[in-house]
Amino acid sequence: MSQAVYILGGYQTDFAKVWSRHGQDIADIVRETTLGTLQACDLDASAIQSIHVGNAFAELQRQQAHLGAMVAQVVPELWGVPAMRHEGACASSSLAALAAMAEIEAGRYDCVLVLGVEEFKNTSGHEASKNQSAAAWQGREDIDCTFMWPAAFGRVAQEYEERYGLDRRHLNRIAEINYANARLNPLAQTRSWQFGPDSFTDNDETNPLIEPGTRRQDCGQVTDGGAGVVLVSARFAEEHARRQGKTLAQLARIAGWGHRTAGIRLLDKLERSRGQTYMFPHLRQTIEDTWRRAGISGIEAIDGVETHDCFTTTEYVALDHLGLSAPGQSWQAVEQGTIAPGGRCPVNMSGGLIGCGHPVGATGARMLLDASRQVTGQAGPMQIEGARRVQTLNIGGSLATVASFVVEAG
């Protein structure tokens, strides 16, 4: 039986900030995220025994690699602490968290810093979009398009339509919910964005087509930002809580995790799942692995979800794979209000990737942070009343890398 892993706390930068406009770059994101995380956890840098950094595209966006060493460079108090960087497209910092957990469970370290950082706004949106295509199989996806990811997830929407039927009103409603949730999030990129009455319809002027199956409001945004959490052993958590006059029950704990990887090419995944119950069987398996490790039987035990919604289609896929509806019937969870604030299982109270923002390498850590805030009653206006157990679902590429965590009150 592996030992418990607790989340002491964490920090998120303002996802509306464009760092290059302030003469700053990804190194500054690393510094603010690190110092903010330490302060939020009331920790001195000397407590950190290991560091894991999630980042996907710094080499392409800034020609900057070796981000493990960047932490000590910009926060010299961490000079000499072992650090490494992880890349798994949009799931990069979930992989960083998994590595940190493994170190704690193995008894190597008791206190590990997990960071996710990404900078996209230093280039044009077109160039940033092109750089993100590196998470697909270059030259071999066989999808004729200008923008790879809107086209890929548009293709997923078309596949849902062919297998089960799909009404775009439900995709539009997902976007509307997530943008509305983001208005309650003081760190969300889109918190002050305004939309007209036809913004969440298939009106070609107010919500134009980007690629077949994908309109503008279906898309997550190019975002700068960082998020960090500190993961600790039960022994460290208990001592830290006692010093602060708290108990373990007041901290968040990672109760279960799942991680599976399929091939990189989208059309191969679609072809392999023909005739199967779920469109992405490995996604469902990841979710079931997470429940099993958390000692729960299914989504009925979950009070809220932070899921990947790089596009509305991604969230639509997540809903039925999570069991919030029968396979192929995700529209029911949308239409019945299950996923809305106050629903049976609110989804993306943060605003998700569409509303809060998607600095790719930071998203997994941001999800863990928001889940921990929910179960400890610290989510402010985003709080799910009575939330004791929240699940994250983080996806890299065309659902190739999948990671999930169940976070519960300790």
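Two residues are said to be in contact here when heavy atoms come within 4.5 Å of each other. With that in hand, the structure, which is a predicted model, can be read piece by piece, starting with helix H1.

Helix H1 covers residues 26–40. Its buried residues are Ile-26, Ala-27, Ile-29, Val-30, Thr-33, Thr-34, Gly-36, Thr-37 and Leu-38. In an α-helix there are 3.6 residues a turn, so residues three or four places apart point the same way. The buried residues of H1 pack against quite a list of partners: strand E1 (5–12), helix H2 (58–62), helix H3 (67–74), strand E4 (111–118) and strand E7 (225–233). The length of H1 also checks out: with 15 residues at 1.5 Å a residue, the helix should span 21 Å, and because its end C-alpha atoms are 21 Å apart, the two values agree. As for the ends, Asp-25 caps the N-terminal one, with a side-chain oxygen 2.9 Å from the backbone nitrogen of Ala-27. Just after H1, Asp-42 takes a positive phi of about 55°.

Next comes a pair of helices. Helix H6 (residues 148–163) and helix H11 (residues 312–321) pack with their axes 9 Å apart, at an angle of about 45°. That angle falls in neither the parallel, the antiparallel nor the perpendicular range, so H6 and H11 count as oblique to each other. On the H6 side, the contact is made by Phe-153, Val-156, Ala-157 and Tyr-160, while H11 brings in Thr-313, Thr-314, Tyr-316, Val-317, Asp-320 and His-321. Sorted by type, the residues of this contact come out as six nonpolar, three polar and one charged.

Two single residues round off the picture. Val-334 sits in helix H12 (residues 330–335). Its relative accessibility is 6%, and because the cut-off for buried is under 20%, Val-334 counts as buried. Setting aside residues up to four places away in sequence, Val-334 touches His-170, Arg-173, Ile-174, Leu-319 and Ile-339. One of these, Arg-173, is 161 residues away from Val-334 along the chain, yet their C-alpha atoms are separated by just 7.3 Å.

Asn-348 is found in the loop between H12 and helix H13 (352–355). At 0% relative accessibility, this loop residue is also buried. Its side chain makes a polar contact with the side chain of Glu-315, at 3.2 Å. Neighbours within four places in sequence aside, the residues in contact with Asn-348 are Asn-178, Asn-181, Val-305, Glu-306, Thr-307, Asp-309 and Glu-315.

Note on methods
Residues are numbered from 1 along each chain as its sequence is written. This is a predicted model: local features need pLDDT of at least 70, side-chain atom pairs count only at pLDDT 80 or more; totals for chains, interfaces and linings use all residues. Side-chain values use heavy atoms; hydrogens and water are left out. Helices (H or I, at least four residues) and strands (E, at least two) are DSSP runs, numbered from the N terminus. The expected span of a helix is 1.5 Å times one less than its number of residues. Buried means under 20% relative accessible area, exposed over 50%, partly exposed in between (1.4 Å probe, protein chains only). A polar contact is a pair of N or O atoms within 3.5 Å; within protein, one must be able to donate a hydrogen and the other to accept it, and residues adjacent in sequence count only if both atoms are side-chain atoms. Axes are lines fitted to C-alpha atoms, for helices over the stretch in contact, and angles run from 0 to 180 degrees between N-to-C directions. Angles under 35 degrees count as roughly parallel, over 145 as roughly antiparallel, 65 to 115 as roughly perpendicular and the rest as oblique. Ala, Val, Leu, Ile, Met, Phe, Trp, Tyr, Cys and Pro count as nonpolar, Asp, Glu, Lys and Arg as charged, and the others, Gly among them, as polar.
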